Structures are given as C-alpha cells and as structure tokens.
Amino acid sequence: MTVHIGVIGTGMIGQDHIRRLTDVVTGADVVAVTDVDAARAAEVAARVGARALPTGQDVIADPAVDAVVVTSWGPTHAEYVLAATAAGKPVFCEKPLATTAEDCLRILEAEQAAGRGLVQVGFMRRYDPGYRAVKRALDGGQLGHPLLMHCAHRNASVPESYRSEMAVQDTAVHEIDAIRWLLGEEIVSAQVLTPRRTRHRFAHLADPQFMLFETESGVRADLEVFVNCQYGYDIQCETVCESGTVRLPDPADAIVKTATGQRTGVLQDWKQRFGAAFDLEFAEWIASLHDGGPTGPSAWDGYAAAVITDAATEALHTGRVVSVRLKDRPDFYRS
Ligand code: NAD
Ligand code: ISE
C-alpha cells in the first residue's frame with residue numbers, strides 16, 4: 001500500500017526529501033506540497049506530479065494526504081506538528097521539533113491525547129551506518145561503561161546569517177541527540193567555551209565553540225563546533241570506555257596513490273555525508289506507518305533536545321555551567 005505524503009516547505013531539504021520519497025523510497029508518493037514561496041511550491045509540485053496547495057493547514061486537511069513531512073523554517077514547525085497531530089495524521093518533522101521547550105511540551109500533550117505515536121523528529125544520525133555500528137559496540141557491553149566522549153562537528157563555511165547561538169541550536173543539536181541516544185541517558189548540564197576565533201568568519205560570530213556536556217551517570221562529552229573550518233564537512237565521535245574505545249568511522253572513500261603522494265577526498269556537506277542515513281530514515285519511517293507507527297526519534301527526543309539547547313544557549317551567553325531541567329518522562333515515551 002502506498003503512503004500519500006504532503007510536504008510543508010519546499011526549500012533545500014524539503015526538495016531533497018521529496019526527491020528521496022519519489023525516487024528512492026518505495027511505498028511513498030508525494031501528492032501535495034506547499035511553501036510560502038508559492039512559485040517555488042508550484043515548480044516542485046510540477047516536477048513530481050503533486051498538487052501545490054496554498055498553506056500548510058490545507059496540506060494537513062487534504063483528505064488525499066495520509067502523512068505529513070514538515071521541512072519549513074524551524075519557528076513554523078510546532079504549528080504544523082500540532083495540526084497534524086490533531087488531525088490524527090503521522091508527521092515527520094525536520095529538526096527542531098519546535099524552537100521553544102513550551103511548544104515541545106504542547107506537542108507531547110497533544111500526542112498523548114491522541115493516544116498513539118504520531119510524531120517523528122529528523123535526527124538522521126541514528127540511521128547512519130557508522131553511528132549504528134558505534135551504538136552496537138556500546139550496547140554490546142564488552143567495552144564496559146562509557147566514561148568520556150570526544151565529538152567534533154565541522155562545516156566548511158556558513159552564511160553571514162548564521163549567528164553564534166546557531167552553533168548550539170542548529171549544529172550541536174545533532175550531537176546532543178546522538179550523545180543521548182548512544183549512551184541511553186539524559187544530559188544534565190551544559191557549558192560552552194569560546195576559544196580564539198578563526199579569521200575565516202563574519203565579525204559577529206564566535207567560531208569555533210567548545211561545548212561540554214555531563215550525563216546522568218557522570219559521562220563527560222566534549223564537542224568542538226567549528227563552522228568555518230574551510231576544508232569540508234567533518235563529523236567525529238569517539239567514546240572512551242572502561243575496557244576500550246569506539247570511534248565513528250569516516251565514510252568509505254577511495255585512497256588514491258600517485259608519485260606525489262596518497263590522498264582521500266573530503267566530503268563537503270551534510271547532504272553527502274548523511275545521504276544514505278536520510279534514505280534509510282525515510283525508508284524506515286514509511287515502513288513503520290504500515291506497522292504500528294513511528295519507531296524513530298520521538299517528540300520526547302525533540303523536547304529533550306530543545307531543553308538542552310536552551311541550557312547550552314544560556315551557557316554560551318553567561319559562561320556558566322547550566323543545569324538541564326527536564327520534566328519527568330511520561331510512560332507514553334518509555335519503550
Ligand atoms: P530553506 O530555507 O532552504 O527551506 C525552508 C522552506 O520553508 C523555504 O522554501 C520557505 O519559503 C519555507 N517556509 C517557511 N515558512 C513556511 C511556512 N509557514 N509554510 C510553508 N513553507 C514555509 O531551509 P532548509 O535548509 O531546507 O531547512 C528547513 C528545515 O530543515 C530547518 O528546520 C532546518 O533546521 C532543517 N534542516 C535539517 C538538516 C539535517 O541535517 N537534518 C539539514 C538542513 C536543514
Ligand atoms: C544544518 O542545519 C544541519 O542540520 C547540518 O547537519 C549541520 O551540519 C549544519 O551545521 C546546520 O547548520
């Protein structure tokens with residue numbers, strides 16, 4: 001059976017997800033799209049044989065739409081996730097679930113009132129083969145308890161509109177989710193240090209940033225966010241455990257040797273690095289809709305990420321170690 005999808009937001013990642021739902025994933029068909037840029041929505045709709053509708057609310061209400069993908073700007077996500085939940089339709093929302101913890105709590109309440117899981121958040125690292133191998137190694141138990149994590153998130157460059165807070169809210173949020181997921185526990189505090197700034201940045205931006213997170217059991221995770229590193233897109237993650245370590249592999253690439261030396265390419269952006277993860281994320285999401293509902297990152301994960309990014313943003317502004325205060329996790333979100 002085909003799942004008929006409505007997509008809200010036909011910008012960069014919206015178009016990429018529409019392409020994968022159309023050309024890569026089986027069992028899905030994009031039937032309706034919308035964007036505040038109506039011309040862009042019309043152009044994308046024509047390309048894939050979908051209808052362009054005036055608003056996100058129209059997409060959600062459309063009887064031909066079985067499930068909704070939200071890829072509009074972050075501040076608009078909560079409204080659409082709440083409307084899809086009220087309509088009883090599964091909704092895949094790109095990160096962030098919402099830009100405030102209060103809105104995330106409203107989504108948790110709405111989903112529980114609906115009585116079944118409807119919301120999945122786009123933390124795609126959980127679908128990356130390398131991250132999954134790391135998770136298997138940690139869960140296998142042979143390494144003993146995790147003690148430390150060392151992570152790095154480097155982008156070649158960012159546009160002038162990127163602000164210092166976005167290093168936490170837009171970029172580090174992926175590691176915040178990955179740390180919680182890999183260790184299976186919550187983050188309890190955050191600290192952000194701002195070292196010497198690179199020359200390759202806009203004047204307003206603190207880059208790089210060095211973040212420190214502490215988990216419930218006392219694991220310490222450090223994270224370098226460096227969004228103007230110049231050389232490419234580079235994601236690193238090593239966990240130090242009692243009896244060994246486990247490190248995220250770099251994606252496979254050919255090693256070329258010539259008389260002048262040996263070299264391997266460096267990926268340039270997240271689309272290349274996590275393309276396979278995005279494909280699997282959507283394949284599993286579509287499959288889950290035939291089989292009891294979403295199994296991926298939940299609204300709780302979106303809420304936790306929002307509270308932790310709030311704490312880290314405060315830490316950036318104050319220079320202090322800031323405690324993370326999550327509500328008690330409802331049974332609904334314990335699997
Ligand atoms: P973008 O600006 O390229 O696209 C967003 C689109 O949403 C634009 O076309 C805009 O006109 C449209 N839009 C804005 N408000 C709308 C509304 N109310 N209704 C309908 N359309 C609306 O941005 P993007 O890079 O595609 O990012 C979109 C989302 O995806 C963001 O939340 C971003 O954080 C997330 N994202 C996730 C990843 C990842 O690695 N998982 C990577 C990039 C972006
Ligand atoms: C962007 O929004 C993403 O989600 C990318 O994965 C990340 O690498 C980048 O820093 C963000 O701006």
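Let's start with one pair of residues: in this predicted model, Ala32 sits across from Arg51, a residue of strand 3. That pair belongs to a bigger arrangement, so to speak: strand 2, residues 28–34, runs parallel to strand 3, and two bridges join them.

Now, who packs against these strands? Helix 1 lies on the sheet and touches strand 1 (3–8), strand 2 and strand 4 (67–70). The direction of helix 1 makes about 150 degrees with that of strand 2. Helix 2, residues 38–48, packs on the sheet as well, touching strand 2 and strand 3. For helix 2, the angle to the direction of strand 2 is about 160 degrees.

Let's look at the whole sheet. It is open, with six parallel-paired strands, and if you trace across it you read 3-2-1-4-5-6. Which strands stand at the edges? They are strand 3 (51–52) and strand 6 (119–121); each has a single partner strand, so one side of each has no neighbour in the sheet.

On to ligand 1. There are 24 residues around it, and the nearest are Gly9, Gly11, Met12, Ser72 and Glu94. Which helix gives the most to this shell? That's helix 1, residues 12–24, which supplies three residues. By character, the shell has eleven polar residues, seven nonpolar and six charged.

Last stop, further along the chain. UniProt, in an unreviewed entry, places a feature called "domain: Gfo/Idh/MocA-like oxidoreductase C-terminal" at residues 135–324. Over residues 135–324, the model has 33% helix and 26% strand, and the C-alpha atoms at the two ends are 24 Å apart. Thanks, everyone!

Key. Residues are numbered from 1 along each chain as its sequence is written. Chains are lettered from A and ligands numbered from 1 in the order in which they are written. This is a predicted model: local features need pLDDT of at least 70, side-chain atom pairs count only at pLDDT 80 or more; totals for chains, interfaces and linings use all residues. A residue is near a molecule or strand if its C-beta atom, placed from the backbone, lies within 6 Å of it. Helices (H or I, at least four residues) and strands (E, at least two) are DSSP runs, numbered from the N terminus. Ala, Val, Leu, Ile, Met, Phe, Trp, Tyr, Cys and Pro count as nonpolar, Asp, Glu, Lys and Arg as charged, and the others, Gly among them, as polar. Two strands pair if DSSP finds at least two bridges between them. Two residues are in contact if their C-beta atoms, placed from the backbone, lie within 7 Å. Axes are lines fitted to C-alpha atoms, for helices over the stretch in contact, and angles run from 0 to 180 degrees between N-to-C directions. UniProt positions are given in the numbering used here, feature names are shortened, and annotations may be inferred rather than shown by experiment.
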